[in-house]
Amino acid sequence: MRVFELRGKSLIAVILLTSGLDFLLFGYDQGLFGGILGGQRFKDTLGNPNPTMTGLVTAIYDIGCALGAIVAFVFGERIGRKRSIILANVIVVIGAAIQTASFDYWQMFVSRIIGGIGVGLSTVAVPILQSETLPAHNRGSLLVVQSALIIIGVAVASWLCFATLYANSSLQWRFPVACQILFSLIVLALCPFLCETPRWLASRGKIDEAKYTISRLLDKPLDDEEVQGQLQEILDAIAAESNEEEPSWGEVFSNATKTRNLHRVILGMGPYMMNQWSGINALCYYLAYIFQQYLDYSPSMALILASVAFTQYAVFSWPPYFYIDKIGRRWSVMGSSAGCAACMAIIAGCLAKNSYTSAVAAVAFIFLYLDCFTLGILPVSWSYSAEIQPLRVRNKATAVGVFAHWMSNFIVVMVTPIGLDKIDGNYFWVWAVVCASFVPLTYFFGVETSGRTLEQIDVMFYETPRACMGLNAENRRVVRRGKTDEEQTFRQFAHVSEKQQAVMSERVSQSD
């Protein structure tokens, strides 16, 4: 047995824990600035910036994340999923250390970019690692753990900022900022126990290592039929893609391929864009600021309300674990989007009136909006792209989606203080309309991935390609399979492979 080797449930647990902590850090960063922006000592350090400069130093982090996605696009496929996560967290530690030591606006500005590069790289690598290692029959449920930990990170940041609000020194904001380092160090400590994904290993020609990794994930011997069948399914998918011309940068954005890469890149970008254009980070980044500036709550009460909101937000992020693989990704997103649209419309209406009653109603529907978002859009947005992309360009295609996500995040976070300053509560009407548009977009264009292996998802695009994939009943169908069904499928692949090898051997002997 090799050093640090885990197998079966233990290995899956470490993959989930490492990925979850990485995304907890991502959530922590989302909630961090919203918690410290109201502190006077932090404002003094930055030179008391106006709304535009406040939005810029907050949103520039997202530019860093977009740059991290570009790094993943260029180098991610070359270095693999595991080493990408290690590199990402080293970069985060460096960026967070400089942020903690900042003494003026521009030092914080640059260090936010550096930290963002690390987070952007990890948000490409982590979903791919999970989609390529978790079992298909409950992959969606397990990925809910990842999205739930994003929200726990937001809640932790908010409560920690409240705990240090009355510190009589720069500890008020330096301690919460420094905690980013702790999360990344824990992830780095867990990385030696991770495995590289069998699909990446097989695509690099490391067939024996891929087979060994599959046996570890399934906790079965190398000669087990399920191990051989899963490897054969991966190799068949690689063979189908390798019949095309040599990959190029333009191939990611081309539909002149059997795998319809451009089509799938756009479909994969959809949930990432929905995540941001739902308006979620207009609230997550600025919730305490909104309570304080626009609903007239005191700084302490604003932080308490924001912390309670994020805590119940975290609680409601867990129910999708029980239904996302049963009702599917499509219905999860459509139901969530309809709820978010209704809540945003009511929030806008409440903010139009300046009264205690309307302020209380606005707070209530902000809470409800967060719950609607986390019950569908959130868990799907961070898993769908990695599930739907073909193996040959999966890393690059996912990086494109993550880049679009972070650039959208930058725009939302940058314009929110300006929008609230110029049009007040009417700003939220924009998000109400956009959220409502997600329902028909998902129905007509989205394909269902629940219960399907990544290779079975490929088949949908091989056999029935069309722009409005959602209009095909088979593409809308939720596949409900258990572990036994999955094992049987892979054993069938193993038997098919044996028959093919026997036929080839017979032909060779006849030709001799």
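Right after helix H10 comes Gly279, and its phi is positive, near 90°. That's one small detail of a predicted model, where local features need pLDDT of at least 70, side-chain atom pairs count only at pLDDT 80 or more, and totals for chains, interfaces and linings use all residues. Residues are numbered from 1 along each chain as its sequence is written, and side-chain values use heavy atoms, with hydrogens and water left out.

**The whole chain**

- The protein chain has 22 helices and zero strands; helices (H or I, at least four residues) and strands (E, at least two) are DSSP runs, numbered from the N terminus.
- Out of 512 residues in the protein chain, 59% are buried, where buried means under 20% relative accessible area, exposed over 50%, and partly exposed in between (1.4 Å probe, protein chains only).
- Take the contacts in the protein chain with a separation of 6 or more: 81% of them join residues 24 or more positions apart. Contact here means heavy atoms within 4.5 Å.
- About 19400 Å² of the protein chain is exposed, and carbon and sulfur atoms supply 65% of that area. Accessible areas come from the Shrake-Rupley method with a 1.4 Å probe; for residues, only the protein chains shown count as cover.

**Helix H10**

- H10 covers residues 261–277, which makes 17 residues, and it reaches 24 Å from its first C-alpha to its last, close to the 24 Å expected at 1.5 Å a residue. The expected span of a helix is 1.5 Å times one less than its number of residues.
- There's a bend of about 25° in H10 at Gly270, and a proline, Pro271, follows within four residues. The bend at a residue is the angle between axes fitted to the seven residues ending there and the seven starting there.
- The buried residues of H10 include His263, Arg264, Leu267, Tyr272 and Met274.

**Helix H18**

- With 30 residues (394–423), H18 reaches 41 Å from first C-alpha to last, close to the 44 Å expected at 1.5 Å a residue.
- H18 bends by about 40° at Thr416, and here too you'll find a proline, Pro417, within the four residues that follow.
- Why is H18 largely enclosed by the rest of the structure? Because 21 of its 30 residues are buried.
- Just past the end of H18, Asp424 has a positive phi of about 55°.

**Two serines in helix H4**

- Ser122 sits in H4, which runs over residues 105–131, and Ser122 is buried, at 3% relative accessible area.
- The Ser122 side chain reaches the backbone oxygen of Val119 at 2.9 Å. That fits the cut-off for a polar contact: a pair of N or O atoms within 3.5 Å, where within protein one must be able to donate a hydrogen and the other to accept it, and residues adjacent in sequence count only if both atoms are side-chain atoms.
- If you skip its neighbours within four places in sequence, Ser122 is in contact with Asp22, Phe23, Ala88 and Pro127.
- Ser131 is in H4 as well, and with 1% relative accessibility it's buried. Its side chain reaches the backbone oxygen of Ile128 at 3.1 Å.

**Cysteines**

- How many disulfides does the structure hold? It holds zero; a disulfide is a pair of cysteine sulfur atoms within 2.5 Å.
- For Cys161, the closest cysteine sulfur is in Cys179, 9.2 Å away, so that's too far for a bond. Cys161 is buried, at 3% relative accessible area.
- For Cys435, the closest cysteine sulfur is in Cys340, and at 5.0 Å that's too far for a bond. Cys435 is buried, at 0%.
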